[in-house]
Amino acid sequence: MFPINRPRRLRQTPQLRRMVRETILTANDLIYPLFAVPGQSVAQEVKSMPGVYQLSVDKIVDEAKEVYDLGIPAIILFGIPETKDMEATGAWHDHGIVQQAATAVKKAIPDLIVIVDTCLCEYTDHGHCGYLETGDLTGRVLNDPTLELLKKTAVSQAKAGADIIAPSGMMDGFVQAIREGLDEAGFNDLPILSYAAKYASAYYGPFRDAAESAPQFGDRRTYQMDPGNAREALKEVELDIEEGADMLMVKPALSYMDVIWRIKEITDLPVAAYNVSGEYSMVKAAALNGWIDEKKVTLETLTSFKRAGADLILTYHAKDAVRWLEEA
Ligand code: PBG
Ligand code: ZN
């Protein structure tokens, strides 16, 4: 009739709730993505991502200062090159856009951690994440030739001052290839954050506007994972650990929190969750319509990623989240 156990006892006041709270989001958990474009004083808002901009290197530096002042430890850089070609020249060129941005940010704010996305899709004329046979319009990405290009890309990014290499193309053996390339070039201490379990997701739509990287034909399902698979994610993770990954990523985050949890159960390496563009844009769109409370929804979602096991969260909401945490 009268319960002895009353969990509500510990929920009665804000003080009590604060005392027993298990998961607390902080600025330390966040990584902010930035998109670098050629030019000077360019800040072009991405239509499908309100509040997210393509920025020229000078603006990237300003933005990086803001991020650093907010106490966010790291940014991740994506690049939109002047020209795209079969060999993804813009990805591995010593004066590529990401290389320029990395060098400029490290010069201005040496303490801010600069992660670079290591992939080819922003730099190939066809928009796929790897190398294709000339004239092949079926989109069959060739794995091993791609590894050579990724190796070159990572080494040039390292030379430009990047602190962490984050390969995102889901090629077999990409961690090992990049580790070899970095070690041969003397970058033994540069960590690799592998996009270990990256799904072929419709949630990437707005990002492809931001990075101008939509595949021109076909899709990415021969290299990114099938949304129905979780055991396969563990396989991908095991391989990446054997190949020398220092950190692992799950992407997207919201629909894949079970995968985050399962990965945490099999590894002690830090696990990152990528709160991707579509997840961001859905919240923005609903908030702009006045249908949800953007601040509360965002903080709840980010806290949930951490509760699911994420040690790090890549999110376009990073700056907002820190400001909201400070208000709270
Ligand atoms: C491609 C890449 C993608 C994202 C980052 N790098 C996905 C894709 O185009 O397949 C998505 C990030 C986001 O949606 O926020 N290597
Ligand atoms: Zn890619």
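User: Which protein atoms are the donors of the zinc ion (ligand 2)?
Analyst: Donors are N, O and S atoms within 2.8 Å of the metal (3.2 Å for Na, K and Ca); water is not among the atoms, so sites may look incomplete. In this predicted model, the SG atoms of Cys-119, Cys-121 and Cys-129 do the job, lying 2.2 to 2.3 Å from the zinc ion. Their sequence spacing reads C-x1-C-x7-C.

User: Why is the arrangement around the zinc ion (ligand 2) tetrahedral?
Analyst: Ideal angles for four tetrahedral donors are 109.5 degrees. Four donors count as tetrahedral if all angles lie between 85 and 135 degrees. Here the four donor atoms subtend 98 to 122°, so the zinc ion's arrangement is tetrahedral.

User: Now ligand 1: what are its polar side-chain partners?
Analyst: A polar contact is a pair of N or O atoms within 3.5 Å. Ser-277 has a polar side-chain atom 2.7 Å from a ligand 1 oxygen. Gln-224 puts a side-chain N or O atom 2.8 Å from an oxygen of ligand 1, and for Ser-168 the distance to a ligand nitrogen is 2.9 Å.

User: Any caveats on reading this?
Analyst: Local features need pLDDT of at least 70, side-chain atom pairs count only at pLDDT 80 or more, and totals for chains, interfaces and linings use all residues. Side-chain values use heavy atoms, without hydrogens or water, residues are numbered from 1 along each chain as written, and chains are lettered from A and ligands numbered from 1 in written order.

Conventions
A polar contact is a pair of N or O atoms within 3.5 Å; within protein, one must be able to donate a hydrogen and the other to accept it, and residues adjacent in sequence count only if both atoms are side-chain atoms. Four donors count as tetrahedral if all angles lie between 85 and 135 degrees; four count as square planar and six as octahedral if opposite donors are over 155 degrees apart and all others between 65 and 115; anything else is irregular.
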